[in-house]
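Here is my note on the model, set out as numbered points. Please read it with the structure open beside you.

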Amino acid sequence: MIFAIICQDKPAHLQVRLDVRPDHVAYLNVLNEKGALKFAGPFLDKDQQPCGSLLAVEAADMAAAEAIAAADPYAHAGLFASVEIRPWNWVFNKPENA
């Protein structure tokens, strides 16, 4: 099942995001190699600066999706004010290899 992981950054934490980004990208690359990552990217604020994240991951169940979210280096760095994980059904424009 696909889960959407929706994260909101803490206010004034852009530098934390920038500092931890290389580890976060490496983590996403591992998820991608395992076939778990479907897509990911940051939300942007009014100044076009990252202020949160959206990841879509393939996981067996909610507990597995929660483990993926908890292992993210951004989560370890305390970047997020909130994390919401929801089951999601990809209906339109689904790539054939997803």
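1. Start with Ile-6, which sits in strand 1. Keep in mind that this is a predicted model. Ile-6 has a relative accessible area of 28%, so it counts as partly exposed. Its C-alpha lies 5.9 Å from that of Ser-53, although 47 residues separate the two along the chain. Beyond residues up to four places away in sequence, Ile-6 touches Phe-43, Ser-53, Leu-54, Ser-82, Val-83 and Glu-84.

2. Ile-2 also belongs to strand 1. How buried or exposed is Ile-2? Its relative accessibility is 8%; buried means under 20%, so Ile-2 counts as buried. Ile-2 and Ala-60 are 58 residues apart in sequence, and their C-alpha atoms are 8.5 Å apart in space. Leaving aside neighbours within four places in sequence, the contacts of Ile-2 include Lys-38, Ala-56, Val-57 and Glu-58. Arg-86, Pro-87, Trp-88 and Trp-90 are also among the contacts of Ile-2.

3. Now the nonpolar core. The largest one has 19 residues. Phe-3, Ile-5, Leu-28, Leu-31, Val-57, Ile-68 and Ile-85 have the most contacts inside it. Two or more residues come from each of strand 1 (2-9), helix 1 (14-33), strand 3 (50-58), helix 2 (62-71) and strand 4 (80-88). Helix 1 gives the largest share of this core, with 4 residues.

4. Val-57 is worth a look on screen. It is one of the core residues with the most contacts inside the core. Neighbours within four places in sequence aside, Val-57 is in contact with Met-1, Ile-2, Phe-3 and Ile-5, among others. Its contacts also include Ala-36, Leu-37, Lys-38 and Ile-68. Among these partners, Phe-3, Ile-5 and Ile-68 are named with Val-57 in the core list.

5. Next, the largest pocket. Its volume is about 220 Å³. The lining has 13 residues. Arg-17, Arg-21, His-24, Pro-42 and Tyr-74 lie nearest the centre. Which element gives the most to the lining? Helix 1 does, with 6 residues. Helix 1, strand 2 (37-44) and strand 3 each supply at least two lining residues. By class, the lining has 8 nonpolar, 3 polar and 2 charged residues.

6. Phe-80 lies in strand 4. With a relative accessible area of 11%, Phe-80 is buried. Phe-80 and Gln-8 are 72 residues apart in sequence, yet their C-alpha atoms are 5.5 Å apart. Apart from neighbours within four places in sequence, Phe-80 is in contact with Cys-7, Gln-8, Asp-9, Lys-10, Arg-17, Ser-53, Tyr-74 and Ala-75. Two of these, Arg-17 and Tyr-74, are also among the residues nearest the centre of the largest pocket.

7. Turn to the rings. The structure holds 4 aromatic pairs. One of them joins Tyr-74 and Phe-80, with ring centres 6.0 Å apart. Why is this pair edge-to-face? The planes stand at 85°, and planes over 60 degrees apart count as edge-to-face, so the label follows. Both Tyr-74 and Phe-80 are buried.

8. Another ring pair is Trp-88 with Trp-90. Their ring centres are 5.5 Å apart and their planes are at 45°, so this pair is tilted. Trp-88 counts as partly exposed at 35% relative accessibility. Trp-90 is buried, at a relative accessible area of 14%. Ring pairs link Phe-39, Trp-88 and Trp-90 into a cluster. Both tryptophans, Trp-88 and Trp-90, also appear in the contacts of Ile-2.

9. Last, check two backbone angles. Gln-48 has a phi near 65°, a positive value in a residue other than glycine. Gln-48 lies in the loop between strand 2 and strand 3. Its relative accessible area is 55%; exposed means over 50%, so Gln-48 counts as exposed. Asn-93 has a phi near 55°, again positive in a residue other than glycine. Asn-93 is in the segment after strand 4. At 75% relative accessibility, Asn-93 is exposed.

Note on methods. Residues numbered from 1 in each chain as written. Predicted model: local features only at pLDDT ≥ 70, side-chain atom pairs only at ≥ 80, totals over all residues. Heavy atoms only, no water. Core = buried A, V, L, I, M, F, W, Y, C linked by side-chain atoms within 4.5 Å. Buried < 20%, exposed > 50% of the residue type's maximum accessible area, 1.4 Å probe, protein only. Contact = heavy atoms within 4.5 Å. 1 Å grid on protein atoms, 1.4 Å probe; cavity = no way out; pocket = protein on both sides within 12 Å on 5 of 7 lines; lining within 4 Å. Points joined across faces, edges and corners; volume = space filled by probe spheres on them. Nonpolar A, V, L, I, M, F, W, Y, C, P; charged D, E, K, R; others polar. Phe/Tyr/Trp six-rings, centres within 6.5 Å; stacked < 30°, edge-to-face > 60°.
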